[in-house]
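Colleague: I am still learning how such words as "buried" and "contact" are earned. Could we go through a few of them together, setting each value beside its cut-off?

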Amino acid sequence: MIAVTKRYGFPAAHVLASRELSPEENEAIFGPCANPNGHGHNYGVEVTVTGPIDPDSGQVVPEATLDEIYQAAVAEPFSHRLLNDLEDFATRVPTAENIAVAIHGRLASAVRRSTRARLLRVRIVETPRNSCVVGEVK
Ligand code: NI
């Protein structure tokens, strides 16, 4: 199997707090990350696809195609936003895990529609100390 990874990223803010919980409960789970004024991250997004190498281009997916997919499916909706405001997080706290699931879902369908490859995994790098992978993990 061949896997190709491209690294992207976007800046965004979030508040780690569930609407179902009290401020005290949120504080107990999320600590200072529950601060209602939010805080920001420069999220790294590693996108890995797999599929046949196109004999003409020598690539699994043309770089420009993956760039366009990322731009439309992730950068435009997520970049410079308060993630809690997005439909993706209407009922989910925008943790690294839930951000990774949302981005994986958006990219998987776009890759399926626009290429002969398939999305293997998405890694979200939230800080130098934490990241989260959705998909086939090795
Ligand atoms: Ni955070």
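Colleague: Where is H80 found, and is H80 buried or exposed?

Modeller: In this predicted model, H80 is found in the loop between α2 (63-78) and α3 (96-114). The relative accessibility of H80 is 66%, and exposed means over 50%, so H80 counts as exposed.

Colleague: Which residues is H80 in contact with, leaving aside its neighbours within four places in sequence?

Modeller: With those neighbours left aside, H80 is in contact with P11 and A12, where contact means heavy atoms within 4.5 Å.

Colleague: What makes the pair H80 and S79 a polar contact?

Modeller: The side chains of H80 and S79 are joined at 2.9 Å, and a polar contact needs N or O atoms within 3.5 Å. Residues adjacent in sequence count only if both atoms are side-chain atoms, and here the contact runs from side chain to side chain.

Colleague: Why is K6 called buried?

Modeller: K6, whose place is in strand β1, has a relative accessibility of 17%; buried means under 20%, and therefore K6 counts as buried. Among the residues that K6 touches, beyond those up to four places away in sequence, are V45, V47 and L66. K6 also touches E63, and a polar contact of 2.9 Å joins the side chains of K6 and E63.

Colleague: How do you know that H14, H39 and H41 coordinate the nickel ion?

Modeller: The NE2 atoms of H14, H39 and H41 lie at 2.0 to 2.1 Å from the nickel ion, and donors are N, O and S atoms within 2.8 Å of the metal, so these three atoms qualify as donors. Along the chain the donors follow the spacing H-x24-H-x1-H. The pair of H14, in strand β1, and H39, in strand β2 (residues 39-50), links distant parts of the chain, 25 residues apart.

Colleague: Why do H14 and H39 get unlike labels, buried for one and partly exposed for the other?

Modeller: H14 has 1% relative accessibility, which is under the 20% limit, so H14 counts as buried. H39 has a relative accessible area of 23%, which falls between 20% and 50%, and therefore H39 is partly exposed.

Colleague: What makes V4 eligible for a nonpolar surface patch?

Modeller: V4, found in strand β1, is partly exposed with a relative accessible area of 32%, and patches take residues with over 30%, so V4 passes that cut-off. Together I2, V4 and I53 make a nonpolar surface patch of about 220 Å².

Key: Residues numbered from 1 in each chain as written. Predicted model: local features only at pLDDT ≥ 70, side-chain atom pairs only at ≥ 80, totals over all residues. Heavy atoms only, no water. Patch = residues over 30% accessible without salt bridge, like charges linked within 9 Å, V, L, I, M, F, W, Y side chains within 5 Å. Areas by Shrake-Rupley, 256 points an atom, 1.4 Å probe, with all protein chains shown as cover. Salt bridge = Lys/Arg side-chain N within 4 Å of Asp/Glu carboxyl O. Helix = DSSP H or I, 4+ residues; strand = E, 2+ residues; numbered from the N terminus. Buried < 20%, exposed > 50% of the residue type's maximum accessible area, 1.4 Å probe, protein only. Donors = N, O, S within 2.8 Å, 3.2 Å for Na, K, Ca; no water. Polar contact = N/O pair within 3.5 Å; in protein donor to acceptor, adjacent residues only side chain to side chain.
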